[in-house]
Amino acid sequence: MFATLSDRLTSTFKNLRTKGRLSEADIDATVREIRRALLDADVAVPVVRSFTGAVRERALSAEVSQALNPAQQVVKIVNDELVAILGGQNRPLAMAKRPPTVILLAGLQGAGKTTLAGKLALHLKNQGHTPLLVAADLQRPNAVTQLQVVGERAGVPVYAPHPGNQGADDYLPAGADPVAVARQGLETARTRQHDVLIVDTAGRLGVDAELMQQASDIRDAVEPDEVLFVIDAMIGQDAVATAQAFADGVGFTGVVLSKLDGDARGGAALSVASVTGRPILFASTGEKLTDFEVFHPDRMASRILD
Ligand code: GDP
């Protein structure tokens, strides 16, 4: 991910290396190239505008460090601004003072929620937590079974609508209610002393009112400590509009970027934190349960500028 953006920025900086001093014209030319690289990578227009504005201003204001040559200074400024749009510092998961900590996952169908549920459960289990997964996605055929498979791989129990149901989704009681399932999942976590509850919810192919209402109803029923919005980094320019729709419709406290292993431009995903003002907590980087990382804006910026 970000390979093209990375190449474009690196070649922009290479052109500066031979310069002893940067004129205003040099800076403007550089900023134009950065703007084009960001736009071509699908970074949202308002984010590009504020990003390039900040880079230009800082480059011109000659906050000169003796230790750095002009090219290095521009790289440092771009690095700092990338870290800023990615949210500054890593924000750890908010854990409830009184367990269980409740984490609700929201996002479009196919965004990678169910996969992420398993990854997050394994990550927390490895940290000594005792998570319980809840299958409140009753919309998609096989979603419950998929979560059960993921839970089994992670070695984390799954609360599903039909107790003891390990088989096909057609065991589900007719009209099973995802809100009731989420609530029962929370009760189960309390009685069985799981300290974290991860609730997988249904997604649709596109944003719709019914989906938002269901996610909001589940949120109200379980009062989550975190609502994590999972976004497929490969969906391009739609990422920002989708994120905005979820921010307005359900509200979320953090973002998970999924499919960061893809080779798409990915810049729209880079805009999500900046546009919604919510930090990126984790990244999903493949189909395996271990393809998961805690998101560090500074490390991601360094990777892009490497
Ligand atoms: P959900 O509908 O939001 O629950 O999405 P799923 O978890 O079912 O994921 C949809 C598809 O994307 C599945 O085929 C997953 O294996 C795949 N997937 C999920 N996360 C990643 C990821 O980080 N990288 C890649 N390459 N594929 C992923």
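Begin by selecting Gln193, which in this predicted model is placed in the loop between helix α7 (178–191) and strand β4 (196–201). If you display its backbone torsions, you will find that phi of Gln193 is near 60°, a positive value in a residue other than glycine.

Move next to a second loop, the one between α4 (70–85) and β1 (101–106), where Pro100 lies. Select Pro99 together with Pro100 and look at the bond between them: this is a cis peptide bond, with omega at about 5°.

From there, go to the ligand and show the residues around it. The shell holds 17 residues, and those that come nearest are Gly110, Thr114, Thr115, Asp261 and Glu287. Colouring the shell by class gives 2 nonpolar, 9 polar and 6 charged residues, while colouring by element shows that its largest share, 4 residues, comes from helix α5, which spans residues 113–126.

Three distances are worth drawing here, taken one residue at a time. At Gly110, a backbone N or O atom lies 2.7 Å from an oxygen atom of the ligand. At Thr114, a polar side-chain atom lies 2.7 Å from an oxygen atom of the ligand. At Asp261, an N or O atom in the side chain is 2.8 Å from a nitrogen atom of the ligand. With these contacts on screen, consider also the surface of the ligand, which exposes 580 Å² when taken alone, and of which the protein buries 81%.

Now hide the ligand and turn to the space around it. Where does the ligand sit? The ligand sits in the largest pocket, and about 450 Å³ of space lies in that pocket. To outline the pocket, select its lining of 28 residues, and then highlight Gly112, Thr115, Gln146, Lys259 and Glu287, which lie nearest the centre of the pocket. Two elements, α5 and α6 (143–154), give two or more residues each to this lining, and it is α5 that gives the most, with 5 residues. Helix α5 is therefore a useful element to keep in view, because its DSSP run supplies the largest share of the ligand shell as well as the most residues to the pocket lining. By class, the residues of the pocket lining divide into 7 nonpolar, 13 polar and 8 charged.

The last stop is an enclosed space. How many cavities of 30 Å³ or more does a search of the whole structure find? The search finds 1, and about 30 Å³ of space lies in the largest cavity. Select Leu22, Ile27, Thr30, Val31, Val55, Ala59 and Val74 to see the residues that line this cavity. The elements that give two or more residues to the cavity lining are α2 (24–40) and α3 (45–60), with α2 giving the most, at 3 residues. Colour the cavity lining by class to finish, and you will see 6 nonpolar residues, 1 polar residue and no charged residues, whereas the lining of the largest pocket, if you bring it back for reference, includes 8 charged residues.

Notes: Residues are numbered from 1 along each chain as its sequence is written. This is a predicted model: local features need pLDDT of at least 70, side-chain atom pairs count only at pLDDT 80 or more; totals for chains, interfaces and linings use all residues. Side-chain values use heavy atoms; hydrogens and water are left out. A residue is near a molecule or strand if one of its heavy atoms lies within 4 Å of it. A polar contact is a pair of N or O atoms within 3.5 Å; within protein, one must be able to donate a hydrogen and the other to accept it, and residues adjacent in sequence count only if both atoms are side-chain atoms. Accessible areas come from the Shrake-Rupley method with a 1.4 Å probe; for residues, only the protein chains shown count as cover. On a 1 Å grid over the protein atoms alone, a cavity is a set of points where a 1.4 Å probe fits but cannot get out, and a pocket is an open set with protein on both sides within 12 Å along at least five of seven lines; lining residues have an atom within 4 Å of a point. A molecule sits in a cavity or pocket if more than half of its atoms lie within 2 Å of its grid points. Ala, Val, Leu, Ile, Met, Phe, Trp, Tyr, Cys and Pro count as nonpolar, Asp, Glu, Lys and Arg as charged, and the others, Gly among them, as polar. Grid points are joined across faces, edges and corners, and a volume is the space filled by probe spheres set on the points.
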